[in-house]
Amino acid sequence: MPYTRGGAVDRTDVGALVQAAIDGDAAAWKALVEGLSPLVWSVVRAHRLSEADGHEVCQTVWFRFAQHLGRIREPEKAGAWLASTARNECLKVIKSLKRLTPTDDPQVLDRVSEDRTPEQSVLDSEEAAAQSERVRRLWQEFEALGERCRQLLRVLIASPPPSYQEVADALGIAVGSIGPMRQRCLRRLRVRLEGRGPK
């Protein structure tokens, strides 16, 4: 029995065609594709997709239809199912295209050219990692200094910087001993860092 008349499927036959396709009737499947593809394409065209995206949506819609063929509750409404699926797939494509912003605006293009190159990003990342390692080593050696040195250096690097009198009062040491003690502590720290060698 012919399912189509000149490529168009009779809407009253859709339910029977779906059931026949479920039962493995290849002619019924072909009639559905030929008869309802114009409907799918009309939905795709309404969303103004590119030719390539439109073809992809159509393939996806028919693939999903084949996947769900046996689970469609109202086979006579397969056209509505296809149209709804086509619309959803079109919206997915449109949403994904919004993430890309093609432009011929020279200001936007210049902004892109000012961004770092991948090579510069790698170099910057390596430098940041090296700096982080230097800071980590410095604090390790600082913590290895004696308690008096750590106290003095911490107070001296406070912000805003305290006066020597404030440092003397805070640590209970003579103002005149702050400078020499500071030099000794910094020397010990330098020796410890140099003893670790360059890394």
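**Reading a helical model, feature by feature**

Modeller: Glu-143 is a good place to start: with a relative accessible area of 41%, this residue is partly exposed. Please keep in mind that we are looking at a predicted model.

Colleague: Which residue forms a salt bridge with Glu-143?

Modeller: Look for a positive side-chain nitrogen close to a carboxyl oxygen; the cut-off is 4 Å. Here the partner is Arg-154, and the closest N and O atoms are 2.9 Å apart. Arg-154 lies in helix α7 and Glu-143 in helix α6, so this pair ties together parts 11 residues apart in sequence. Arg-154 is partly exposed too, at 41% relative accessibility. There is also a network to trace: salt bridges with shared partners join Glu-143, Glu-147, Arg-150 and Arg-154.

Colleague: How many salt bridges does the count come to?

Modeller: The count comes to 9. Another one to find is the bridge between the side chains of Glu-89 and Arg-64, at 3.0 Å from N to O. Those two link distant parts of the chain, since Glu-89 is in helix α4 and Arg-64 in helix α3, 25 residues apart.

Colleague: Is Glu-89 buried or exposed?

Modeller: Compare the relative accessible area with the cut-off: buried means under 20%. Glu-89 has 9%, so Glu-89 is buried. Arg-64, at 27%, counts as partly exposed. Glu-89 also forms a salt bridge with Lys-92, where the closest N and O atoms are 3.3 Å apart. Lys-92 and Glu-89 both lie in helix α4, 3 residues apart, which is about one turn of the helix.

Colleague: Now the inside. Which residues touch the most other members of the largest nonpolar core?

Modeller: To read a core, follow buried nonpolar side chains that are joined to one another. The largest one here has 28 residues, and those with the most contacts to other members are Val-18, Leu-32, Val-40, Val-44, Val-57, Phe-65 and Leu-82. Helices α1, α2, α3 and α4 each give two or more residues to this core. The most come from α2, with 8 residues. Try selecting Val-44: leaving aside residues up to four places away in sequence, Val-44 touches Leu-49, Gly-54, Val-57, Cys-58 and Cys-90. Apart from the largest core lies another, of 14 residues, including Leu-145, Leu-152, Ala-168 and Met-181.

Colleague: I noticed cysteines in that list. Which cysteines are joined by a disulfide?

Modeller: Check the sulfur-to-sulfur distance, with a cut-off of 2.5 Å. The count comes to 1 disulfide, and it joins Cys-149 to Cys-185 at 2.1 Å. Cys-149 lies in helix α7 and Cys-185 in helix α9, so the pair ties together parts that are 36 residues apart in sequence. The torsion about the S-S bond is about -85°, so this disulfide is left-handed. Both ends are buried: Cys-149 has a relative accessible area of 4%, and Cys-185 has 1%.

Colleague: Why is Cys-90 not bonded to Cys-58?

Modeller: Their sulfurs are 7.7 Å apart, too far for a bond. Cys-58 is buried at 7%, and Cys-90 is buried at 0%.

Colleague: And on the outside, which residues make the nonpolar surface patch of about 370 Å²?

Modeller: For a patch, look for nonpolar side chains that are accessible and lie close enough to be joined. This one is made by Val-135, Leu-138, Trp-139 and Ile-157. Ile-157 is found in the loop between α7 and α8. With a relative accessible area of 62%, Ile-157 is exposed.

Methods. Residues are numbered from 1 along each chain as its sequence is written. This is a predicted model: local features need pLDDT of at least 70, side-chain atom pairs count only at pLDDT 80 or more; totals for chains, interfaces and linings use all residues. Side-chain values use heavy atoms; hydrogens and water are left out. A nonpolar core is a set of buried Ala, Val, Leu, Ile, Met, Phe, Trp, Tyr and Cys residues joined through side-chain atoms within 4.5 Å. Buried means under 20% relative accessible area, exposed over 50%, partly exposed in between (1.4 Å probe, protein chains only). Helices (H or I, at least four residues) and strands (E, at least two) are DSSP runs, numbered from the N terminus. Contact means heavy atoms within 4.5 Å. Patches are made of residues with over 30% relative accessible area and no salt bridge: like charges are joined within 9 Å, nonpolar side chains (Val, Leu, Ile, Met, Phe, Trp, Tyr) within 5 Å. Accessible areas come from the Shrake-Rupley method with a 1.4 Å probe; for residues, only the protein chains shown count as cover.
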